[in-house]
Amino acid sequence: VLIFDRLETTSSQPFTAQFSPQFAPSLSGDEFTINNGTSSAVFSLLTQSSNWTSALLTANGETNWATQYGDGPYQVRNVLGSGTSMTTVTAVNIDGAATSITLGSGAAGETVVIVDFADATPNKTVTFYDTQARRSIV
């Protein structure tokens, strides 16, 4: 799974990537993993350096106020920096379906991601366009 975000503001603002998993995340370098005991998902921010932090969310000291499933809720955040625009791509590798997910090279205004699948599926190149609501998959 690839998550593409294009953020724009009229004045410089701090940007933060944030996820709210229901299971305790395992932080490791520039990625984090969520495991529910049956499946796992590895989240990697491809377009910026990562420094993920995690916190168990509470309300009035209670940790189970919003728990419907899992042992959360947790908040996983990465401060991306400040600016008036930013493009991010987050890869979510579920159960090791991909052996690698990397950035490729593209023209100005393009973000290219190359997915190498773990099975016999041919590699895919996905191009996101910063200024248009479209993408290309080859």
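Q: How many aromatic pairs does the structure hold, and what makes two rings a pair?
A: There are six aromatic pairs in this structure. Rings of Phe, Tyr and Trp (its six-membered ring) pair if their centres lie within 6.5 Å. This is a predicted model, where local features need pLDDT of at least 70, side-chain atom pairs count only at pLDDT 80 or more, and totals for chains, interfaces and linings use all residues. Residues are numbered from 1 along each chain as its sequence is written, and side-chain values use heavy atoms, with hydrogens and water left out.

Q: Why is the pair of Phe 19 and Phe 32 called tilted?
A: Planes under 30 degrees apart count as stacked, over 60 as edge-to-face and the rest as tilted. The centres of Phe 19 and Phe 32 are 6.0 Å apart and their planes sit at 55 degrees, so this pair is tilted.

Q: How do you know whether Phe 19 is buried or exposed?
A: Buried means under 20% relative accessible area, exposed over 50%, and partly exposed in between (1.4 Å probe, protein chains only). Phe 19 has 18%, so Phe 19 is buried.

Q: And what about Phe 32, buried or exposed?
A: Phe 32 has 0% relative accessibility, so Phe 32 counts as buried.

Q: What makes the pair of Phe 19 and Trp 52 tilted?
A: Here the ring centres are 6.1 Å apart and the planes are at 55 degrees, so Phe 19 and Trp 52 are a tilted pair too.

Q: Why does Trp 52 count as buried?
A: Trp 52 has 5% relative accessibility, so Trp 52 counts as buried.
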